[in-house]
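Have the viewer open and the selection tool ready? Let's walk through this one stop by stop.

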Amino acid sequence: MASWSEFASDEPRLADAIRVLIQQYGPGLGYLATVRADGGPRVHPVSPVITDEGLFCFVVDSPKRRDLERDGRYALHSFPPEESDDEAYVAGRARPVTDQARVDRLAGNLRAAPQVDWRLFEFTVDVAMVARHGSNGATPLAGGERSERPAVQVWLDPAGAVTAPEGSVAGPRRRGRRRAVEEQPVPAS
């Protein structure tokens, strides 16, 4: 499992694109998917925090926090922009931050209310994706025309045992110990 910093070092343009989509309205906004005790999905809006240290989220006492404490698997999806359907997605494992100095530093920098029962989680990155939709991001075709299918870029951490989405046409390229995957548009079925 890669830290956000490791991922951003390996794929800085993709990390920047994700950061822009997550923070497009100022503070980070996204939908956090967790795994319920019965194995089903649970989705909640959250305010993720991306710093040079990592990808974090302050989570109050709630079903989603209990999900993360029991089974750290998560998926985070950006809120949709008003002017496009571009999207960012990150998935991996969440783990509680136990270093009190780090918790205090991030809480102070982000003005997290000390009287609230929250816990700070760091999110590792097994897979990261950006999909650009529409004329600004659609994949160029022969002759300079634009496809209606999204241009998708996916990064996989081979240590995370995550595979490319089913049905995608992907070609791996090596960079350091991580694997980046540039995806081509997926044909409509």
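Which residues are buried in helix 3? Select residues 63-70 and you have helix 3, where K64, R65, D67 and L68 are buried. Look down the axis of the helix: these four cover an arc of only 155 degrees, which puts them on the same side of helix 3. A word before going further: this is a predicted model, so keep the confidence colouring at hand.

**Around helix 3**

Now bring in what the buried residues of helix 3 pack against. Select strand 1 (30-35), strand 2 (41-46) and strand 4 (55-60). Then add strand 5 (73-78), strand 6 (87-96) and strand 7 (118-123), which are also packing partners of those buried residues.

**The hairpin**

Keep strand 1 and strand 2 on screen and hide the rest. The two are paired in the antiparallel sense, with six bridges between them. For one place to check the pairing, pick V35, whose bridge partner in strand 2 is P41. Strand 1 and strand 2 form a hairpin, and five residues lie between them. In its turn, select G39, which has a positive phi of about 95 degrees.

**Salt bridges**

Next, show the charged side chains. Side chains of opposite charge can pair when their charged atoms come close. The model has 14 salt bridges. Start with D61 and R66, whose side chains meet at 2.8 Å, N to O. D61 is partly exposed, at 45% relative accessibility, and R66 is partly exposed too, at 42%.

Move on to E69 and R119, which form a salt bridge at 2.0 Å, N to O. E69 lies in helix 3 and R119 in strand 7, so this pair ties together parts that are 50 residues apart in sequence. E69 is partly exposed, with a relative accessible area of 38%, and R119 is partly exposed at 35%.

With those four residues still selected, which network do they belong to? Add R65 and D117 to the selection: D61, R65, R66, E69, D117 and R119 are linked in a network of salt bridges. R65 is a residue you have met already, as one of the buried residues of helix 3.

For another salt bridge, select D86 and R132, where the N to O distance is 3.1 Å. This pair links distant parts of the chain, with D86 in the loop between strand 5 and strand 6, R132 in strand 8 (residues 127-132), and 46 residues separating them. How do the two partners compare in accessibility? D86 counts as buried, at 11% relative accessibility, whereas R132 is partly exposed, with a relative accessible area of 28%.

**Aromatic pairs**

Switch to the rings. The structure holds five aromatic pairs. In W4 and F7, the ring centres are 5.1 Å apart and the planes stand at 70 degrees, so the pair is edge-to-face. Both residues lie in helix 1 (residues 4-10), three residues apart, about one turn of the helix. Both W4 and F7 are buried.

Next, select F58 and W118, an edge-to-face aromatic pair with 4.6 Å from centre to centre and 85 degrees between the planes. This pair links distant parts of the chain: F58 is in strand 4 and W118 in strand 7, 60 residues apart. Then return to W4 and F7 and add W155, as W4, F7 and W155 form one aromatic cluster.

**A buried threonine**

Where is T124 placed? Look in the loop between strand 7 and strand 8. T124 is buried, with a relative accessible area of 1%. Select its surroundings: leaving aside neighbours within four places in sequence, T124 is in contact with M1, A2, Y74, A91, G92, R93 and R95.

**Colouring by confidence**

For the last stop, colour the model by pLDDT. The chain has a mean of 82, and 75% of its residues reach 70 or more. Confidence is highest in strand 5, at 98, and lowest in strand 10 (residues 170-175), at a mean of 38. Select residues 162-179, where pLDDT stays under 50 and the model has 44 contacts beyond four places in sequence. Residues 184-189 also stay under 50, with eight such contacts. Where pLDDT is low, the predicted coordinates should not be read in detail.

Methods
Residues are numbered from 1 along each chain as its sequence is written. This is a predicted model: local features need pLDDT of at least 70, side-chain atom pairs count only at pLDDT 80 or more; totals for chains, interfaces and linings use all residues. Side-chain values use heavy atoms; hydrogens and water are left out. Buried means under 20% relative accessible area, exposed over 50%, partly exposed in between (1.4 Å probe, protein chains only). The arc is that of the directions from the helix axis to the C-beta atoms. Contact means heavy atoms within 4.5 Å. Two strands pair if DSSP finds at least two bridges between them. pLDDT is the predictor's confidence in each residue, from 0 to 100. Rings of Phe, Tyr and Trp (its six-membered ring) pair if their centres lie within 6.5 Å; planes under 30 degrees apart count as stacked, over 60 as edge-to-face and the rest as tilted.
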